[in-house]
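Student: I have a structure open and would like to go through its sheet, its chain contact and its salt bridges. Could we take these in turn?
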Amino acid sequence: MEKEKTLTPSELLTMAEDLRWQIGGNIHEHLVEGIYTDASRIADRVVTGERPKFDLDRAIDRLVTSRVWGIPIMILLFTLVFWITISGANIPSDFLASILIGKIYPAIKEIAFSIGTPWWLVGILIDGMYLSTAWVISVMLPPMAIFFPLFTLLEDFGYLPRVAFNLDNLFKKSGAHGKQALSMMMGFGCNAAGVIATRIIDSPRERLIAIITNNFALCNGRWPTMILLAVIFIGALVPAHLAGMISALAVVSVTLLGVLITFVMNWLLSRSILRGEASAFSLELPPYRPPRILQTIYTSLIDRTAYVLWRAVVFAMPAGAAIWLVANLTIGDLSLAEHIINLLNPVAVLIGLNGVILFAYMLAIPANEIVIPTVLMLTVLTAGVQGAGAGVLYELDSQAGTFELLTLGGWSLLTAVNTMLFTLAHNPCSTTIYTIYKETGSVKWTAIATLLPLGVGVGLTFGLTQVWRLVEAWL
Amino acid sequence: MTAEFKPASTAACETCPVHQSAYLMKLGVDMQNWDYAVALAGNPNTGKSTIFNALTGLKQHTGNWPGKTVTRAEGGFEHAGLNFKVVDLPGTYSLLSTTVDEEIARDFILFGQPDVTVVVVDVTRLERNLNLVLQILEITDRAVICLNLMDEAARHGLKIAHRSLARDLGVPVVPTTARSGEGLDHLVRTIGEVASGKIKYSPHRIQNLSPALTSALDRLSVHIENLYPALPNARWVAMRLLDGDERITQALEQGELGHLSPAATNEPQAIQNLESQPA
């Protein structure tokens with residue numbers, strides 16, 4: 001008898017194969033059907049009571065995922081979030097700057113000199129490490145402390161999957177997977193997290209597309225740069241009572257531009273190196289849950305704000321020291337920094353930036369958070385605004401001061417807009433690049449994911465600059 | 001595992017941890033200094049991460065959207081003097097297809113053989129959640145069903161007869177509202193009871209299959225049991241083989257399934273227990 005004998009694994013597999021033929025039909029479907037039947041019988045027995053006729057969740061969903069109102073409501077909500085952030089961050093930002101940079105900075109410098117600290121040590125420690133850290137904190141902490149809890153509240157309420165639902169169709173039309181909307185949402189927090197989140201996409205082709213384009217979702221480290229530049233350059237163009245709303249709209253526009261670029265890149269990738277059909281999937285809209293406000297504020301302050309700030313500080317301190325060194329080590333008549341900046345200037349001018357900004361982006365590869373502080377430091381140390389080690393201090397303890405300093409460094413409205421565009425589209429930070437490598441295991445795809453956004457950024461800024469200059473000349 | 005850290009009670013066989021230390025190690029879970037391994041499974045967005053945080057006291061951010069946990073989070077808690085390691089698995093709707101997250105969850109429950117698998121269920125969507133529950137109960141009989149979001153069920157006017165659900169499923173069912181912490185102490189006690197193995201459960205097995213499929217499953221599982229007498233889930237392995245599951249086919253060919261029999265791991269366990277006997 002068959003049953004007496006112990007089969008070897010390969011005999012077992014042959015037997016399974018034979019049985020599969022005998023049963024015929026789609027076994028997978030049979031199984032799934034059996035499971036579903038059991039599940040529905042059990043559920044019918046144990047669940048009683050009826051859902052009420054009026055379902056608030058459904059009513060909200062009908063509105064926020066409606067074809068007509070879905071996207072306008074989304075834009076409105078995000079604008080509101082940025083507007084609250086921008087109008088709320090001004091005062092604490094100026095307050096922090098006036099203390100950290102206006103009061104403490106000259107005081108500790110004076111103390112350091114009075115106890116006979118050598119000028120170069122004061123330079124590295126105070127003009128370098130302290131100043132860059134102080135800038136990071138005063139520029140970034142207030143907007144983050146407002147923006148992250150607000151964003152997290154929206155997330156906890158259950159709004160983000162609705163955004164994904166609204167965008168799903170567009171993603172599919174662009175030749176990518178609808179779930180990419182979710183990994184993009186994660187990317188708005190952190191691109192490294194967004195890249196990991198693409199694991200929910202089963203098809204390797206669509207997953208690669210999602211990884212390559214994730215960087216077009218503005219991350220934690222880049223929001224503060226956007227917000228600051230929007231406030232001091234774009235908000236300043238309009239009367240004071242409109243400034244907050246206009247700056248918020250500027251940030252929303254750049255964010256939406258990032259989404260648009262994502263679609264365009266999806267479309268291009270899925271019709272060139274990653275050709276294929278978009279696969280279908282089902283997206284579950286979770287129930288709305290009233291967010292637990294205090295706990296959300298606590299966790300978003302601890303998880304996001306403190307995390308991002310800590311990362312920025314950790315990178316800002318050594319970067320500050322490095323910046324001071326390159327600004328003070330001289331070769332010939334010029335400092336090392338000036339040599340590098342002069343080298344970068346011709347390229348930078350072509351794309352409407354300047355050497356300082358490009359150099360700052362290079363120094364900021366480990367963490368995008370420090371771009372603005374690096375630009376400010378380099379401007380102070382090289383643009384002849386302040387003699388290194390000398391006591392002359394410009395007013396950097398307010399946003400107006402930052403505006404003046406950047407203007408002295410040669411910034412115009414065009415520079416600011418280009419910097420915002422370049423912030424949106426340039427190479428990912430080193431953590432994200434490493435994550436992409438870990439997830440794809442391929443140098444080729446990592447290189448593409450790194451260089452493609454950079455190419456897009458250069459293209460955008462170059463195009464805008466040329467058009468802008470033509471229009472200026474024509475006017 | 002060093003002998004000194006093992007509490008005396010594990011010397012008795014009915015309370016032997018069943019988890020596969022070697023496999024858990026391979027899956028990246030270090031079981032040193034832990035008595036029991038607890039897996040948290042469930043559909044996406046049922047509050048697994050909230051339960052995880054409540055059990056472990058960790059404060060990982062929990063988001064209200066499906067697919068938030070793609071990587072595995074780990075933590076632990078102590079109950080009745082024993083140390084429980086908790087592994088939060090990615091949320092999945094089933095264990096039948098082959099997406100990365102489903103594979104992570106499936107491999108962990110099958111090869112890691114956690115001492116307890118807690119299936120977190122969104123009670124407002126019980127029927128759909130049961131699909132996953134039934135699949136997990138085919139793999140392991142050491143499961144606890146956590147009926148979460150009881151507050152929302154009440155808000156929607158739903159009543160759940162959790163005792164008759166426990167009878168139908170053949171494993172303990174604990175109603176909870178993780179957000180406010182309701183029912184969690186009961187959950188911890190139940191995890192402890194199931195982990196200790198003092199009560200044997202005979203969980204629900206999928207019934208409504210066609211006669212042809214049922215008889216094929218019976219024939220195949222007899223042979224699988226012959227080959228690996230101590231394998232706890234021969235019928236499920238038979239199901240996967242008939243379905244042409246590549247990972248399970250490979251596990252069979254390479255003899256991985258053989259290692260899952262408790263007999264294969266009892267040996268080192270026995271030696272350890274001897275060593276831990278006072279001289």
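Student: In what order do the six strands of the open sheet in chain B run?
Tutor: This is a predicted model. In chain B, the order of the open sheet is S2-S3-S1-S4-S5-S7, and the pairing is mixed.

Student: Which are the edge strands?
Tutor: They are strand S2 (73–79) and strand S7 (173–175) of chain B, each of which pairs on one side only.

Student: And by how much are neighbouring strands of this sheet turned against each other on average?
Tutor: The average is 25°, with direction ignored.

Student: Back to S2(B). In which sense do S2(B) and S3(B) pair, parallel or antiparallel?
Tutor: The sense is antiparallel: seven bridges link S2(B) to strand S3 (residues 82–88) of chain B. Ala73(B) is placed opposite Asp88(B), and His79(B) is placed opposite Leu82(B).

Student: Which residue takes a positive phi in that hairpin?
Tutor: Ala80(B) does, with a phi near 50°. The hairpin of S2(B) and S3(B) has two residues between the strands.

Student: What lies across S5(B) and S7(B)?
Tutor: Helix H6 (residues 162–169) of chain B lies across strand S5 (143–148) and S7(B), and the helix runs at about 155° to S7(B).

Student: Changing topic: how many residues does each chain bring to the contact between chain B and chain A?
Tutor: Chain B brings 69 residues and chain A brings 66 residues. The size of an interface is often expressed as the accessible area lost when the parts come together. Between chain B and chain A the buried area is about 6200 Å², with 61% of it from carbon and sulfur atoms.

Student: How many salt bridges are there between chain B and chain A, and which residues form a salt bridge there?
Tutor: The count is one salt bridge. Arg45(A) pairs with Asp168(B), and their closest N and O atoms are 3.1 Å apart.

Student: How many residue pairs are in polar contact across that interface?
Tutor: There are 10 such pairs, counting those with both residues at pLDDT 80 or more.

Student: Which element gives the most to the side of chain B that touches chain A?
Tutor: H8(B) does, with 10 residues. By residue class, that side of chain B divides into 30 nonpolar, 23 polar and 16 charged.

Student: Which strand of chain A is joined to S6(B)?
Tutor: Strand S1 (residues 47–48) of chain A is joined to S6(B) by two bridges, and the two strands run antiparallel. Here Val47(A) stands opposite Ile160(B).

Student: How many salt bridges does a search of the whole structure find?
Tutor: The search finds 15 over all chains. One of the pairs is Arg207(A) with Glu439(A), at 2.5 Å from N to O.

Student: Which parts does that pair tie together?
Tutor: Arg207(A) lies in helix H9 (residues 204–213) of chain A and Glu439(A) in helix H18 (residues 430–440) of chain A, so the salt bridge ties together parts that are 232 residues apart in sequence.

Note on methods: Residues are numbered from 1 along each chain as its sequence is written. Chains are lettered from A and ligands numbered from 1 in the order in which they are written. This is a predicted model: local features need pLDDT of at least 70, side-chain atom pairs count only at pLDDT 80 or more; totals for chains, interfaces and linings use all residues. Side-chain values use heavy atoms; hydrogens and water are left out. Two strands pair if DSSP finds at least two bridges between them. Helices (H or I, at least four residues) and strands (E, at least two) are DSSP runs, numbered from the N terminus. Axes are lines fitted to C-alpha atoms, for helices over the stretch in contact, and angles run from 0 to 180 degrees between N-to-C directions. Contact means heavy atoms within 4.5 Å. Buried area is the accessible area (1.4 Å probe) that two parts lose on being put together, summed over both. A salt bridge is a side-chain nitrogen of Lys or Arg within 4 Å of a carboxyl oxygen of Asp or Glu. A polar contact is a pair of N or O atoms within 3.5 Å; within protein, one must be able to donate a hydrogen and the other to accept it, and residues adjacent in sequence count only if both atoms are side-chain atoms. Ala, Val, Leu, Ile, Met, Phe, Trp, Tyr, Cys and Pro count as nonpolar, Asp, Glu, Lys and Arg as charged, and the others, Gly among them, as polar.
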